[in-house]
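Please go through the notes below with the model open. They take the sheets in turn, then the ligand site, then some backbone angles.

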Amino acid sequence: MRAEPATATAVHDPDATPPALLEVEGLTKYFDAGGGLFGRGARQVRAVDGVSFSLRRGATLGLVGESGSGKSTTARLVLRLLEPSSGRVSFDGVDVTTCTRREMARLRRRMQVVFQDPYGSLDPRMNALAAIGEPLVVHRMARGRDLRVRVAELLERVGLRPADMWKYPHQFSGGQAQRVSIARALATDPELIICDEAVSALDASIQAQILNLLRRLQSELGLSYLFIAHDLNVVRYMSDELCVMYMGRIVERGDADRVLRDPVHPYTRMLVAAIPSLERPGGGRCGRPVLRGEVSSPLDPPSGCRFHPRCPDAVERCRHEDPAPRPVAVGRIAACHLHPAGPDEPHPDEPQTDEPHTDEEVAS
Ligand code: SF4
């Protein structure tokens with residue numbers, strides 16, 4: 001049975017577009033990187049820097065980018081496992097960033113996470129009954145015989161046998177252990193599951209099985225997924241919408257198929273071209289991986305566009321001006337001086353308030 005919607009949800013208008021389940025606005029997380037005397041002049045790492053997106057009920061939003069792009073930090077901020085430096089996360093109309101501990105405990109039932117390494121996230125001393133049953137006990141949703149019946153149901157739902165409840169993590173294969181993690185995430189009937197590189201550690205054939213399981217569960221239970229991965233093929237298979245992140249920022253956002261078939265941002269194009277198996281428009285296939293250069297140090301980010309040291313299209317302006325995200329088509333946003341208009345020509349769709357800003361303005 002689903003948890004009751006939060007009382008803070010806006011009044012329902014039957015003609016209105018359904019509100020997003022999850023809305024993230026201007027989310028930032030700066031970590032203190034030390035240095036300076038008595039805190040003065042201390043350096044900060046902008047792990048997440050002004051990230052905004054929304055996720056519809058029953059849909060999947062993919063977050064992609066190389067290691068260090070801020071994907072997992074964003075997930076932890078959404079779950080409030082980390083406190084943001086600024087910005088807002090709203091879940092079903094409730095502001096996650098300001099709600100009380102009690103409200104947060106209620107929300108946690110409805111927002112769950114599946115991590116990359118099931119052996120790392122499952123306690124080796126707990127069998128599957130204890131691992132899957134723990135959230136049910138914590139949230140006082142079942143105990144005793146009811147607990148075992150519920151755990152047996154959950155095991156069957158993820159393709160395991162009820163008798164597997166007596167096994168410990170080391171007695172499961174990697175794919176089976178990830179199914180136990182998924183069953184644990186499902187235990188409290190969540191509406192949102194954050195999959196943080198949930199299939200990255202698995203062999204390709206097992207990956208496919210787990211992805212199909214996640215899709216089946218989504219259609220059966222109406223789940224929403226925030227799906228974090230670095231493998232674009234995996235993300236394309238799962239996602240309705242896509243956010244491409246680079247050094248803590250979203251550089252491109254839009255419908256997943258359209259973003260991957262016709263990437264606008266040079267970084268997205270680079271990621272797409274680096275996947276040998278991804279089909280290009282026209283039916284051809286990409287060639288060898290072409291990810292050039294390294295991600296810059298977050299302690300010393302480049303001036304202007306953070307991608308400019310690696311960008312094949314960079315122009316002089318890119319070294320000084322940080323491109324603001326702006327609409328490039330309906331439902332499509334990119335942060336690049338070259339799109340959709342030339343570097344000196346503002347596009348008519350460009351919001352008046354979204355002027356590109358200099359590094360000095362960002363720092364102030
Ligand atoms: Fe490349 Fe310039 Fe666009 Fe940045 S703003 S992605 S450096 S062209």
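1. An open sheet of 8 strands runs in the order β6-β7-β8-β3-β9-β10-β13-β12, with mixed pairing. Strands (E, at least two residues) and helices (H or I, at least four) are DSSP runs, numbered from the N terminus. Two strands pair if DSSP finds at least two bridges between them. β6 (111-114) and β12 (326-329) are the edges; each has a single partner strand, so one side of each lacks a neighbour in the sheet. On average, neighbouring strands of this sheet are turned by 25° against each other, direction ignored. Axes here are lines fitted to C-alpha atoms, for helices over the stretch in contact, and angles run from 0 to 180 degrees between N-to-C directions.

2. The model is predicted: local features need pLDDT of at least 70, side-chain atom pairs count only at pLDDT 80 or more, and totals for chains, interfaces and linings use all residues. Residues are numbered from 1 along each chain as its sequence is written, and side-chain values use heavy atoms, with hydrogens and water left out.

3. Inside the mixed sheet, β3 (residues 60-64) and β8 (residues 224-229) run parallel, joined by 5 bridges. Gly62 stands opposite Phe227 in β8. Helix α6 (residues 174-186) packs on this sheet and touches β6 and β7 (192-196). The direction of α6 makes about 175° with that of β6. Contact means heavy atoms within 4.5 Å.

4. At the β12 end, β12 pairs with β13 (residues 332-334) over 3 bridges, in the antiparallel sense. Pro327 has Ile333 in β13 as its bridge partner. The two strands form a hairpin with 2 residues between them. Gly331, in the turn, has a positive phi of about 70°.

5. A second open sheet has 4 strands in the order β2-β1-β4-β5, with antiparallel pairing. Its edge strands, β2 (44-55) and β5, each pair on one side only. β1 and β2 share 9 bridges; Asp32 stands opposite Gln44 in β2. β1 (residues 22-32) and β4 (residues 86-91) are joined by 5 bridges, with Glu23 partnered by Ser90 in β4.

6. β4 goes on to pair with β5 (residues 94-95) through 2 antiparallel bridges. The bridge partner of Phe91 in β5 is Val94. This is a hairpin too, with 2 residues between the strands. Asp92 in its turn has a positive phi of about 50°.

7. Which residues are closest to the ligand? They are Cys305, Cys311, Cys318, Cys336 and His337, out of 13 that surround the ligand; the criterion is a heavy atom within 4 Å. The shell divides into 9 nonpolar, 3 polar and 1 charged. Nonpolar covers Ala, Val, Leu, Ile, Met, Phe, Trp, Tyr, Cys and Pro; charged covers Asp, Glu, Lys and Arg; the others, Gly among them, count as polar.

8. Two loop residues deserve a look. Most residues other than glycine have a negative phi. Arg80 is not a glycine, yet its phi is positive, about 55°. Arg80 is found in the loop between α1 (71-78) and β4. Met247 also has a positive phi, near 45°. Met247 lies in the loop between β9 (241-246) and β10 (249-255).
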